[in-house]
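Open the model in your viewer and keep the selection panel at hand. The stops below go from whole chains to single residues.

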Amino acid sequence: MTTVSRFGALRARLRSPIEPAFLVRRSLGAVVALWGAVTIVFLMLYATGNPAEVLAPETATAEQVAELARQYGFDQPLHKQYLDFLLNVTQGIFPNSLYTARPAFQEVLMRVPNTLLLGFTAVVLGSALGLLIGYLSSSSQNALMRTIPIRVLMFVQSVPNFFMGLLLIYLFSLTLRWLPTSGFSSWRNLILPIVTLACYVAPNVARLFRSTMNETRFDEHILTARAKGISERAVRIRHNAINALAPVTTLIGLQLGGVLAGAVVVETLFAYPGVGQLLVQSVVSRDYPVALAAVILICLGYNLASLLVDILVVIIDPRAQNR
Amino acid sequence: MRNKLLVAAVAGLIAVAIPGGGAPALAAEDTVTVASLPLLTFDPAFARTVQDLSIMSQVYSSLTTASFVDGNLTGNLAREWSDVDGKEFTFKLVPGAKFANGEPLDAHAVVWNFKRLMDPATQATVITDFNLITSVEAPDAETVIIKTSTPWLELPRRLSAISFIAPEWAKTHNPKVEVNPSGPYTVVDYDFASHVTLKRNENYFGEKPAFENAIYRVIGNNQTRVTSLRSGELNFANGISPLDVEQLSSLEDLKVGAIPGRRVHVLRFNMLRDNVKDVRVRQALNYAINKELITKTIYRGHTSPASTQALIPGQVGFDETMTPWPYDPDKARQLLAEAGYENGLTLSLGVSEEYLQAPQAAQAIAAQLAEVGVTVELNIVPTAIWTSFITNAENGTDLVYLGFSSTTGTSTEVMNQFTSKGRYTWGPANASYDAKVDAVKAATTIEQQAELIREANRILADDAQLVYLWPQPFTYAISKNIEWTPRPDDRPRASDMRPAQ
């Protein structure tokens, strides 16, 4: 234990909990990750075939495909195409979509609100449900409430995403006929995909929240709080639950990334026009500018989310940034 | 304050993302809802997928229209045409045709479109073979004359896939994402990832479609298409797996069916490999596969074995007298023994999920070949990397499972692929077949051309250059209250549908 002077303690309290060095370190990491992702996707797209093969109609002959490759510059050596691409990007020139001639980022940005709406709502709902059930299973007075909800959630977690989606469609669209199966023409289209994704988020949050609460249940500060005569519920909520939030926050941030990735499956299943569906489509049709733009945006979003989470964790627990 | 900002942000996000429409698009009397794969472009210079071509043929006009129902070629913008020696084609156009913005769709507009397609700067991807065209001229507003360097009898049919856009309009608009229609429908609104909504074009010069509205809903996933059909959100879908065809046929509101499609499944040989260079090995594989059994089981009888030609009835030169290769495992064993493989032979086979039921069929093929002593190593490849897989002959498999079809129904589009110029021709091709296909292209009468095609196909079959399998079935489900004649080209058109009487 170090002794801190009253003045030092005051200064520490006034200082922002986020140090600039921490931000710089994190941002550099994000740039490297971005470059890595772009490189991998670029190589993957080209390693899986000359885009001209896909652009040409299926009845084109080998000669005609080669001519098309020449016109589009796909006949150049891969490293040259890659360096040209990077050089252009650093100058702010990004190729347009091969099929729509619109800027590739515009194509992706048009889909971002759809995916965010799906992802954020699912994470918020899933996390809320997870926190509630996690809390109940660790702290409820009622033995049934402590065991049943978390068991149900475990069961839900063991059902894969696409299968859960199919079950929900079967129940709510085909049997009960309450909700549409697919597409995006009204808010009713959102319910099933959001529930499917939330089913993926809630169990993880619930389990971590429960185990962290249980781990710290007998920590000294909680025993002290109890000894001071604070009510059991207040101890549970203010001292036990709040302190268990830091690791859960990190997890929720990571879930957001997971949900965006999982949305590829769910968007395809529910024919939902989001970034995931666009990414799949642009890879299949070799619209490489759009595929690259989508990956860059997803990577940026993921990094931003994890940066925000790190900042949030530092605010909750300032010791975190020096670890 | 912070909470209010958050609420505002979420509300904004919801407002941006949720479309204005209320109830989901369910079938109305004057509307037909059709399942589509994701759309890529509206530009006729770049449209190559069946879904793009389907929309294109309904919002734009082409000179001719190829029917896949009976193989006939009818006029669209052209009311009649004639040729001199197959090298000089004169098309007489329907007078008074217009684009929606009032621009005339006359011979001058057609000439402009050809110039645009053939200009390297356009980087058009659809103009394969168009280098044969030497000039396109418009002596007057109703006449287009196209001259080619060599006879090209198939030109009028090939032109059925070429739609025209408006020259003046194109100067200030992006035809890849905007439409100035001249066809039976206009585009009301669209999102390539989710839907295209069409409305009847009252100014269309041809026959007006029966349904006022058509919605093409993008549903890439097979399972989702089936559930959407069951829930009544779709009036039409095709490309349904044969198993689902049976399941859907129990529903009261749907008519479900299948006809042999235009795409013929075959196995091709990697002729760089010594083990398939002996014609007896290639013949043995043809004898060893029980196509009858596979089409009855895996395809549920929705198709039948192909005869020894990769064409379908209705195509020029389709030979009615050709029959499927007989199933004779004893003969196969004997041929393999003669070729020196009495102790067995191992072959690798590349298969894509791209072709309907191909992975399942390939497993059955492997089992049948095992019975004659051929061990098959299966390589089942996802659609996304299939192209790279089949363009790399050195590292490729000994056999490849492929489906071949023609965009407009011409025979040479398919036959080209088996010559040395074919994209998936690995190693040396059959030289006399090459020569015969060149002769087919240079033919000056249809009768002569048909005879040459029959001869060419016989050369290919005698040399067992392919293992002939079956035409991929065209499977579909359609609401009972809609009338529609199945066409095997994977391009369902709302303009062909009408309410049932």
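This tour of a predicted model visits chain A, then chain B, then one helix and two residues of chain B.

**Stop 1: chain A**

Select chain A and colour by secondary structure. The chain holds 14 helices and 0 strands, so the run of elements from the N terminus is α at every position. How does the radius of gyration of chain A compare with the globule rule? The value is 25 Å, well over the 20 Å that the rule gives for 323 residues, so chain A is more spread out than a compact globule. Orient the view along the principal axes: the C-alpha trace spans about 85 × 60 × 30 Å.

Now colour chain A by burial. Of its 323 residues, 49% are buried. Turn on contacts between residues at least 6 apart in sequence; 72% of them join residues at least 24 apart.

Switch to a surface. Chain A exposes about 16,400 Å², and carbon and sulfur atoms supply 68% of that area. Then select the charged side chains: there are 25 positive and 16 negative charges in chain A, and the mean positions of the two sets are 19 Å apart.

**Stop 2: chain B**

Hide chain A and select chain B. Here the secondary structure comprises 15 helices and 18 strands. For 501 residues a compact globule would have a radius of gyration near 23 Å, and the 25 Å of chain B agrees with this. Its C-alpha atoms fill a box of roughly 75 × 65 × 55 Å along the principal axes.

Repeat the colouring by burial: 58% of the 501 residues in chain B are buried. Among contacts with a separation of 6 or more, residues 24 or more positions apart account for 69%. On the surface, chain B exposes about 19,500 Å², 51% of it from carbon and sulfur atoms. Selecting charges brings up 44 positive and 56 negative side chains, with the centres of the two sets 3 Å apart.

**Stop 3: helix H15 of chain B**

Select residues 446–462 of chain B, which form helix H15. The helix has 17 residues and reaches 24 Å from first C-alpha to last, close to the 24 Å expected at 1.5 Å a residue. Which residues of H15(B) are buried? They are B:Gln449, B:Ala450, B:Leu452, B:Ile453, B:Ala456, B:Asn457, B:Leu460 and B:Ala461. To see what covers them, add the rest of chain B around the helix; the cover includes helix H13 (411–415), helix H14 (431–442) and strand E16 (466–479). Then step past the end of the helix to B:Ala464, which follows H15(B) and has a positive phi, near 45°.

**Stop 4: B:Gln368**

Select B:Gln368 in helix H11 (residues 358–371) of chain B. Is this residue buried or exposed? B:Gln368 has a relative accessible area of 9%, under the 20% limit, so it counts as buried. Show its contacts, leaving out residues up to four places away in sequence: B:Gln368 touches B:Ala288, B:Ile289, B:Asn290, B:Leu293 and B:Ile294.

**Stop 5: B:Lys255**

Finish at B:Lys255, in strand E12 (residues 254–269) of chain B. Its relative accessibility is 32%, and B:Lys255 therefore counts as partly exposed. Beyond neighbours within four places in sequence, B:Lys255 is in contact with B:Tyr476, B:Ala477, B:Ile478, B:Ser479, B:Lys480, B:Ile482 and B:Glu483. For a last distance, pick the C-alpha atoms of B:Lys255 and B:His302: they are 47 residues apart along the chain and separated by 15 Å.

Key
Residues are numbered from 1 along each chain as its sequence is written. Chains are lettered from A and ligands numbered from 1 in the order in which they are written. This is a predicted model: local features need pLDDT of at least 70, side-chain atom pairs count only at pLDDT 80 or more; totals for chains, interfaces and linings use all residues. Side-chain values use heavy atoms; hydrogens and water are left out. Helices (H or I, at least four residues) and strands (E, at least two) are DSSP runs, numbered from the N terminus. The expected span of a helix is 1.5 Å times one less than its number of residues. Buried means under 20% relative accessible area, exposed over 50%, partly exposed in between (1.4 Å probe, protein chains only). Contact means heavy atoms within 4.5 Å. The radius of gyration is taken over C-alpha atoms; the globule rule is 2.2 Å times the number of residues to the power 0.38. Accessible areas come from the Shrake-Rupley method with a 1.4 Å probe; for residues, only the protein chains shown count as cover. Lys and Arg count as positive and Asp and Glu as negative; His and the chain ends are not counted. The place of a charge is taken as NZ of Lys, CZ of Arg, CG of Asp or CD of Glu.
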